[in-house]
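Reader: I should like to learn how to read the features of a model such as this one. Please begin with a single residue and proceed from there.

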Amino acid sequence: MKKIFLMFLFLFSSVFANETIFQSVIKNIVLKDTKSAIESAKNLQKEINSENFTKFLKDWKRVETNYLAGEINSDYLDTPRYIDVFNNLKEDLNSQMKRVVDGDSDIKKALFKNSFKTINALEYVIFSSNDLNDRKKEISKEILSSIIKNLEEIKAVYENYLKNPVVKEDDNAKLLNALVASSYRLKEWRVGNPSGLSAKYKNDFKNSRAEYFLSQNSFASINAILDAQKEMISNENYINLLNLAKEKKATNDLEAVVSKIDEAKKELNSLPKDDFTNAKKLFDLVSEIHDLYYITIIEKLGLKPEILDADGD
């Protein structure tokens with residue numbers, strides 16, 4: 001698997017807009033979402049059930065979609081992979097977690113790999129069978145302790161930034177980078193791969209490739225990602241990328257993205273739960289969302305994309 005990294009060089013004409021927009025997004029979106037994810041993870045740890053799992057995964061998807069801690073502090077670039085390894089793991093995690101669940105070794109020792117302490121591993125433990133025995137509960141609690149620790153570190157990065165923000169000329173570009181990256185993964189990984197419409201799995205449909213196949217929460221994940229993207233660009237009671245679009249007279253472009261997001265959510269809700277059999281229209285809509293970000297970025301917001309590395313997955 002190759003990795004795609006996009007660096008956007010922000011033009012000097014909008015330097016003064018960066019501080020306000022970036023700080024507002026950190027305060028009103030990403031920090032808020034991280035706190036919500038910590039709270040829902042703790043609730044799941046107290047009471048392990050499907051409802052609490054769904055709430056936590058939706059909160060986590062919002063954190064992951066607009067993840068900016070690595071842009072603030074490069075030590076945290078890889079932190080999301082300590083929480084979520086979807087489509088980033090060569091080995092069969094489920095078969096490995098089966099051995100952990102079926103074994104009798106000390107739980108802390110059994111969870112010796114980082115991938116064993118992710119939400120993906122947690123899903124297997126909770127939903128691989130109807131029997132949530134004592135060992136599974138203890139494994140789940142230990143996984144969640146690791147996830148909560150990582151989320152607390154992410155929260156600290158955002159809080160420390162807000163205490164003493166360092167303004168950089170490419171701050172707004174970092175926000176758009178997050179949108180482009182998450183929209184690509186949404187299109188290719190989360191909709192394209194299970195529906196057989198991605199470049200990697202063309203004409204090879206398989207629902208089991210969906211992100212949360214075991215718990216049947218893949219559509220819930222997609223909905224959360226779309227909501228998180230929308231919050232960055234729609235009319236809110238705080239400053240976000242829409243303010244930059246107004247400055248650049250590109251409001252119509254971002255409104256077009258919002259419209260497509262709403263259309264994608266409507267289409268998603270019209271499909272049978274977590275069934276990608278007839279997801280062609282959904283795939284086309286999320287593809288349009290991804291393309292619109294590029295059009296807005298390049299033509300209207302004065303940003304230039306540079307491909308530093310490739311990701312062919």
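**Reading contacts, rings and helices**

Author: Leaving aside residues up to four places away in sequence, S24 touches I29, Y238 and I239. The model is a predicted one, and S24 is found in its helix α1.

Reader: Is S24 buried or exposed?

Author: S24 is buried, since its relative accessible area is 10% and the cut-off for that class is under 20%. Sequence separation may also be set beside distance in space: S24 and K273 are 249 residues apart in sequence and 35 Å apart in space, C-alpha to C-alpha.

Reader: How many aromatic pairs are there, and how should one be described?

Author: The distance of the centres and the angle of the planes describe a pair of aromatic rings. A search of the whole structure finds six aromatic pairs. In one of them, the ring centres of F53 and Y212 are 6.3 Å apart and the planes stand at 80 degrees, so the pair is edge-to-face. F53 lies in helix α2 (residues 50-65) and Y212 in the loop between α8 (171-195) and α9 (218-233), so this pair ties together parts that are 159 residues apart in sequence. Both F53 and Y212 are buried.

Reader: Which geometry do F219 and F276 have?

Author: The centres of the F219 and F276 rings are 5.2 Å apart and their planes are at 90 degrees, so this pair too is edge-to-face. F219 belongs to helix α9 and F276 to the loop between α11 (251-270) and α12 (280-300), so the pair ties together parts that are 57 residues apart in sequence. F219 and F276 are both buried.

Reader: Which residues do ring pairs link into a cluster?

Author: The cluster consists of F53, F127 and Y212. Rings may also be examined for charges over their faces. The charged end of R209 sits over the ring of Y201, 3.7 Å from the ring centre, and K174 lies over the face of F22, at 5.8 Å from the centre of that ring.

Reader: How should a helix be read, and what caps the N-terminal end of α2?

Author: An α-helix has 3.6 residues a turn, so residues three or four places apart point the same way. Helix α2 has 16 residues and reaches 22 Å from its first C-alpha to its last, close to the 22 Å expected at 1.5 Å a residue. Its N-terminal end is capped by N49, which has a side-chain oxygen 3.3 Å from the backbone nitrogen of E51. The buried residues of α2 include F53, F56, L57, W60 and V63, as well as D59, K61 and R62.

Reader: How many residues of α9 are buried?

Author: In α9, 13 of the 16 residues are buried, so this helix is largely enclosed by the rest of the structure. From its first C-alpha to its last, α9 reaches 24 Å, close to the 22 Å expected at 1.5 Å a residue.

Reader: Which residues touch the most other members of the largest nonpolar core?

Author: They are M97, L151 and I233, in a core of 87 residues. Helix α1 (residues 15-46) contributes the largest share of this core, eleven residues. The contacts of L151, not counting residues up to four places away in sequence, are T34, A37, I38, F56, W60, V63 and I83.

Reader: What does the side chain of D171 reach?

Author: The side chain of D171 reaches the backbone nitrogen of K168 at 3.2 Å. D171 is found in helix α8 and is buried, with a relative accessible area of 1%.

Reader: How should the sign of phi be read, and where is K249?

Author: Most residues other than glycine have a negative phi. K249 has a positive phi of about 55 degrees although it is not a glycine, and its place is in the loop between α10 (241-247) and α11. D274 likewise has a positive phi, near 55 degrees, and is found in the loop between α11 and α12. K249 counts as exposed, at 73% relative accessibility, whereas D274 counts as buried, at 4%.

Reader: Where is N269, and how many residues separate it from F219 in sequence?

Author: N269 is in helix α11 and is exposed, with a relative accessible area of 57%. N269 and F219 are 50 residues apart in sequence and 8.3 Å apart in space, C-alpha to C-alpha.

Technical notes:
Residues are numbered from 1 along each chain as its sequence is written. This is a predicted model: local features need pLDDT of at least 70, side-chain atom pairs count only at pLDDT 80 or more; totals for chains, interfaces and linings use all residues. Side-chain values use heavy atoms; hydrogens and water are left out. Rings of Phe, Tyr and Trp (its six-membered ring) pair if their centres lie within 6.5 Å; planes under 30 degrees apart count as stacked, over 60 as edge-to-face and the rest as tilted. Helices (H or I, at least four residues) and strands (E, at least two) are DSSP runs, numbered from the N terminus. Buried means under 20% relative accessible area, exposed over 50%, partly exposed in between (1.4 Å probe, protein chains only). A charge sits over a ring if NZ of Lys or CZ of Arg is within 6 Å of the ring centre and within 35 degrees of the ring normal. A polar contact is a pair of N or O atoms within 3.5 Å; within protein, one must be able to donate a hydrogen and the other to accept it, and residues adjacent in sequence count only if both atoms are side-chain atoms. A nonpolar core is a set of buried Ala, Val, Leu, Ile, Met, Phe, Trp, Tyr and Cys residues joined through side-chain atoms within 4.5 Å. Contact means heavy atoms within 4.5 Å. The expected span of a helix is 1.5 Å times one less than its number of residues.
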